[in-house]
Amino acid sequence: MNFTEASLFWGFLLVYGVVMYVLSPKSKNANSFYKGADDNGNPVGQWSLTASIFISWIFAKSVTNAANLGAAYGVTGGLAYASYWLSIPVAGYIIYLIRTQTGARSLQDFLTSRFGRFAALAFAAAILIRLYNEVWSNTAVVGGYFGLPGEWEYYTAAMVFTVFTLAYSLKGGLRSSIFTDVIQAFVFVFFVGAVLFLIIPANDTSALLSNGEFRLDAGFDLLLVALLQMFSYPFHDPVLTDRGFVNKEKTMLKSFVVAGLLGFVAVFIFSLVGVHARLNGIEAMGNAPAAVGQSLGLAALFFMSVVMMTSAGSTLDSTFTSLAKSLAVDLPRLARRAQDRLPGIRVGAVVMIIFAFAGNLPMFAGTDILKATTISGTMVMGLAPVFLFYRFTRWSPWSFHLSFWTGLSLGVLLAVGLIPSGWAIGEGKYAMLLGVNAWGFLICTAGFFVPLVLRRLAGRSLAARQARGW
């Protein structure tokens, strides 16, 4: 970076952090800090909730991945990654059913009531791993616009960004997170529009929107993976699911549907950055937005960095608030060491501070950000039957465990390369990922229903014996 570039990028980072801190509201009570209510106890408004869901799920690593897939597979890759956002309406509808049919106030309450306390604890462990990954995988993306891994600029920018986000998160908790999400959503949309203003005139529009092929070995396999994970992936992300319990059921559902559709469109549009790179022979080098920004000049690169900072900031503050709620509220309740009363704000603040720094340790170790999404998404495939078919049972802990742990085991085996080659579907890069998710979904579903079938057969056998007078 020369002096002009350094002044522009570091200047924006500092202004961004100060403005977010000054504008974010301060929570005066635990209900505001943990549940996002205002000082009078009123829940979050519909459009604020919609904007929050929309921007908090557009992670910095996600838009980077979408652009990289656009560069690799054209619009097929962009559609594949954007399809993950269609899982938001799916999650919203299932949470709506859970709230209206069971009266649960959180997913942990729901799991405890249907599948037992150990099931809820296993679920809590899974989401904590997810939240931990969200810290470093977003700060690393921001750092990449200031320097390369190993350079002091890279780590300094990532940590400065972390401290700024932590500061306003400590100030207001979930209330502050949702308030700043609205601002970040508008900034994100504006600068994505600015990026497109530079990209679209440089290409033939029809070529930009038609580049790519719908073949299994050309990115279509990843699209099928996204459609399969649609029923499990969103439930291990409390950044999303916590927002399913902060307002009335119908208001929440509308927000989830609108946010999911807007997210799908926004992520697909940003994937065109990668398609531009593909059409113009720009080497993505694992970061298509940065590569395209550099090729188009300083203004474009700056616009890209703003997009990344706003998307990373919205996800990171939501991650901090979800960690605070999970460790300060949900886990103590599961351990039966707390009642319905919320803990003090200080408890959640301590959790945020610890994870703000511990969560960045993998960044210093040089971990691949793509793994934070693909591995965790496969490991939780066993959640799909749990949330899709819960109405078939009122109490069946074994249904949860046979489904959840089977999916987790398959995800681990995939990660270490021990899945037989015969499981692959197609011959593309994601053939094995598709095969494990497709066959895994069937196996996990079978595991969920086995205890129910055995119980019914045992009941019929007992009834038959009683009828014969045995």
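Helices here are DSSP runs of at least four residues, and strands are runs of at least two, with numbering that starts at the N terminus. By that count, the protein chain in this predicted model has 21 helices and 0 strands. Its radius of gyration is 23 Å, close to the 23 Å that the globule rule gives for 470 residues, so the chain is as compact as a globular protein of that length. Stretched out along its principal axes, the C-alpha trace covers about 90 × 55 × 40 Å.

What about the inside and the outside? Of the 470 residues, 57% are buried. The accessible surface adds up to about 19200 Å², and carbon and sulfur atoms hold 66% of that area. The chain carries 32 positive and 21 negative charges, and the mean positions of these two sets lie 18 Å apart. Contacts also reach well along the sequence: looking at those with a separation of 6 or more, 84% link residues 24 or more positions apart.

Now for the core. In soluble globular proteins, nonpolar side chains tend to be buried together. The largest nonpolar core of this chain has 126 residues, and those with the most contacts inside it are L111, F115, F146, F188, F270, F387 and F400. Helix α15 supplies the largest share of this core, with 14 residues. There is also a second, separate core of 7 residues, with W136, Y155, A158 and M159 among them. Back in the largest core, F115 shows what a well-connected residue looks like. Setting aside neighbours within four places in sequence, F115 touches F110, V386, Y390, T393, W395, S396, P397, S399, F400 and F448.

Another residue worth a look is I98, which sits in helix α6 (residues 87–102). Is I98 buried or exposed? With a relative accessible area of 0%, I98 falls under the 20% cut-off, so it counts as buried. Beyond its neighbours within four places in sequence, I98 is in contact with G103, A104, L107, F110, F387 and Y390. M230, by comparison, is 132 residues from I98 in sequence, and the C-alpha atoms of the two are 17 Å apart in space.

Finally, there is helix α14, which runs over residues 288–296 and has A288, P289, A290, A291, V292 and G293 as its buried residues. Which helices do they pack against? The partners are α4 (60–73), α9 (152–199), α13 (249–279) and α15 (298–334). Right after α14 comes G297, which has a positive phi, near 110 degrees.

Technical notes. Residues numbered from 1 in each chain as written. Predicted model: local features only at pLDDT ≥ 70, side-chain atom pairs only at ≥ 80, totals over all residues. Heavy atoms only, no water. Rg over C-alpha atoms; globule rule 2.2 N^0.38 Å. Buried < 20%, exposed > 50% of the residue type's maximum accessible area, 1.4 Å probe, protein only. Contact = heavy atoms within 4.5 Å. Areas by Shrake-Rupley, 256 points an atom, 1.4 Å probe, with all protein chains shown as cover. Lys, Arg positive; Asp, Glu negative; His and termini not counted. Charge placed at Lys NZ, Arg CZ, Asp CG, Glu CD. Core = buried A, V, L, I, M, F, W, Y, C linked by side-chain atoms within 4.5 Å.
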